[in-house]
Structure formats: C-alpha cells, structure tokens
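Here is a short tour of a protein model for you to follow on screen. Have the structure open as you read, and take the topics in any order you like.

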Amino acid sequence: MSEAGAQNTGGASAPSGSVAQSASAATASVQSVAHKDSGVAPFDSAVLADWMHGQGFLDRPALAVKPLTGGQSNPTFLLTSGTQQFVLRKKPPGVLLPSAHAVDREYRVMQALQGSDVPVPKLYTYSEDLNIVGTPFYLMEFLNGRVIVDQSLPGFTPAERGAIYTDMNRVMAALHKVDVNAVGLETFGRAGNYFGRQIARWSRQYQEARSEDISALESLIEWLPANIPEGDQTTIVHGDYRLDNLVLHPTEPRAIGLLDWELATLGHPMADFAYHCMSWHIPASLWRGIGGLDLKTLGIPSEADYIKQYGTATGFEGIEHWDFYIAYNLFRIAAILQGIARRAQDGTAAASDAIETGSKAKPLAEIGWKYAQRYEASRKR
C-alpha cells in the first residue's frame, strides 16, 4: 500500500526518481490514466489542472497524469506540469468497506508529523470536492528516492543492508516516541483496549469481505480475544510499516519519507512493531518475507537484535508475549488481504495484481494460527 512517489525497485542498481505507493509498493512504470489494467477509474486531467492552477499550485493549467501502479488501496498518481511535480492520492470509486480508504486520516497524521523525527512528504492540500477527480483526495510532494519491495535488498552490500534496517528501526522508534498531545493527535483514535478493538474490526471486515472460508482465520477470530495480554500502551501507530512504504534517499541508506498512513491511529506500539517484524516469520517464497534466508551473510539483523535495538530506543518491551503479537498481526494482514481479494472480485481494486495478493490470506492465516498455538502452549508451562 505505498503512495508518495519514489522509484520502486528490487535492488540498488535500479535508477531512482519516482514517488512511492501502499499494501503493495509504488512502481516507476507509468501508464495512461484510463489504462484498463490500472484498477482505477479515469478522471478528467483538464478539470484537475484548472483547479490546481486556480489554487496557485500550477504555473499554467496543463497537467500530465500517470498512475503509480502497484498500490492495493488508494489510487495514487504522479502529476507533472513542466518542471513541477506532485503526487495525488485519492479514494477509489465504488462501494467501499466502512472506515476503509481514509485519505483524510492519512493527510491529518502526515500534517501533524511535519518537522518531527519521522520523515514524511510535504503536504499541499486535501479536498472533498467530488467534481475534481470524483472522490476525496490530497496533494503531496513528489519524493526523489527509491522504494524497495524485496526485503532481502538484492544488489546492496551487507553493510548497506544493515544500515537500511537500522534506519527503518530508527524511524519506527521515532514514531512511537511522538507525543500525541504535542502534535494535536490526541483525538486521532481511542486510547486503551487496542487489541480488542482491532480484533473486532478485522473480524468484521473478514465477514463482510469474505471471498472464501479460511479455517485458520476462523480459529484466530475465536482465540485472539480470549488471549490478549494484560497491560496497555498508547502511541501513534502507522498500521502498515514496512520497507516498501518507505522512500529511501537516492544514494544513501536512509529513509526520506514514510508513506501509506491509511491504517494509522492511536494504538499499542508492540502491535505496530510486531507487524513490521512479521517478515522474519514469513518465508521469502510466500510473500514479502525474509524467513529462511541467511540473514548473517546478507547483513540483515536477526529478529532478536532488531527487537533489542527498538527496545533500547523506546524503552518498550514485549518479548514475553511476542508470539501473540505475531499471531495477531498475521490474522490482521490475512483479513486485509481478504478485503483486497473481494475488491478484485468486485472490480474496484487499485492494482492489477490484487487477485494474486489476495490469495496470500489463507497461508498467512495458517502461519498465524501456528503462532497462536505456540503462545498458548508457552503459557501452560
């Protein structure tokens, strides 16, 4: 689910210079707005250009619009007018699930984080005028950098991989240390009982978007509410934090922008961090995982070392309940992917690979159920 506008590449050798995109990643390949495989409805670029010119964003009312393909959630476009470039992020058309595709919330949280230690693109405006592009949208800065989909970072040296993972960790820790009251996000979500509310939410979404019966998901829906660990914490949570939602500097191993804030809210930081760490538990052959790879040779930290770095930076601890956090997040992503599968069936998915992506729900739920069983067994010792 990426969004802003950076180059999507699988390694270091690919050229940089586009923006980023979400539950998937942005890609540098661009197609006509009306391309039938783009998964999004076309809109009149002349209307958008006139509006942007009238608002003072464009020097002249002329605009080239190209979709940034690869995102599964909110359609995202690169806008070019002479030397000026912007990124437009909009709700998809059609009937949508409740609370999904919240571009207004994306805009709010990124605006609040301007000037913080969390790198976010500059924002220009948010509009709910349906006469411009057909759905609510916002405009943001085009980031000149790289979006890397493959978390094994092919084409990088071990030292570069280690530095990128270190900076990913730094950005997540910085986000969880933001004072929500100081940045005006105290009403961005509800404090307390985050796991309970999220389990209920994604259980409902699975039921509403069900495209097939997944027994492991059904088991997790029943098991998770009865096994939520005691204690609670509340921070800003990104909700979809991973490598391909970061724009990396064109040449340096550091992040210059964190994208795709659609699922951001106030919640438990360990839920957010464990979601990010799912890749250590997902086989590389399945979907966006680094499980089973020779991490030491690659220069990628072990999960234990990665957790230690985060704990040192934030002071948060969660090892005792780690298997629960992983099981919860695998349940959550499986429910999200079911939503993508349903949108693919309905013809409203924002990416052409939505059917393939949605098919990952079942195997990920099955891995999650294994962690739930392991957690339960560990509590009985």
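How many helices and strands does the protein have? There are 12 helices and 11 strands, in a model that is predicted. The points below start with the whole chain and then turn to one sheet and the helices that touch it.

**The protein as a whole**
- Of the 381 residues in the protein, 58% are buried.
- Among contacts with a separation of 6 or more, 72% join residues that are 24 or more positions apart.
- The protein exposes an accessible surface of about 14900 Å², and carbon and sulfur atoms contribute 49% of that area.

**A five-stranded sheet**
- This open sheet is built from 5 strands in the order 2-3-4-6-5, and their pairing is antiparallel.
- Strand 2 (64-67) and strand 5 (123-127) each have a single partner strand, so these edge strands have one side without a neighbour in the sheet.
- On average, neighbouring strands here are turned by 20° against each other, direction ignored.

**Inside the sheet**
- Strand 3 (residues 76-81) pairs with strand 4 (residues 84-90) in the antiparallel sense, over 6 bridges.
- If you would like a residue pair to look up, F77 has L88 in strand 4 as its bridge partner.

**Helices on the sheet**
- Helix 1 (residues 45-54) lies across strands 2, 3, 4, 5 and 6, and runs at about 65° to strand 6 (137-141).
- Helix 2 (residues 103-112) also packs on the sheet, where it touches strand 4, strand 5 and strand 6.
- The direction of helix 2 makes about 150° with that of strand 5.

Technical notes:
Residues are numbered from 1 along each chain as its sequence is written. This is a predicted model: local features need pLDDT of at least 70, side-chain atom pairs count only at pLDDT 80 or more; totals for chains, interfaces and linings use all residues. Side-chain values use heavy atoms; hydrogens and water are left out. Helices (H or I, at least four residues) and strands (E, at least two) are DSSP runs, numbered from the N terminus. Buried means under 20% relative accessible area, exposed over 50%, partly exposed in between (1.4 Å probe, protein chains only). Contact means heavy atoms within 4.5 Å. Accessible areas come from the Shrake-Rupley method with a 1.4 Å probe; for residues, only the protein chains shown count as cover. Two strands pair if DSSP finds at least two bridges between them. Axes are lines fitted to C-alpha atoms, for helices over the stretch in contact, and angles run from 0 to 180 degrees between N-to-C directions.
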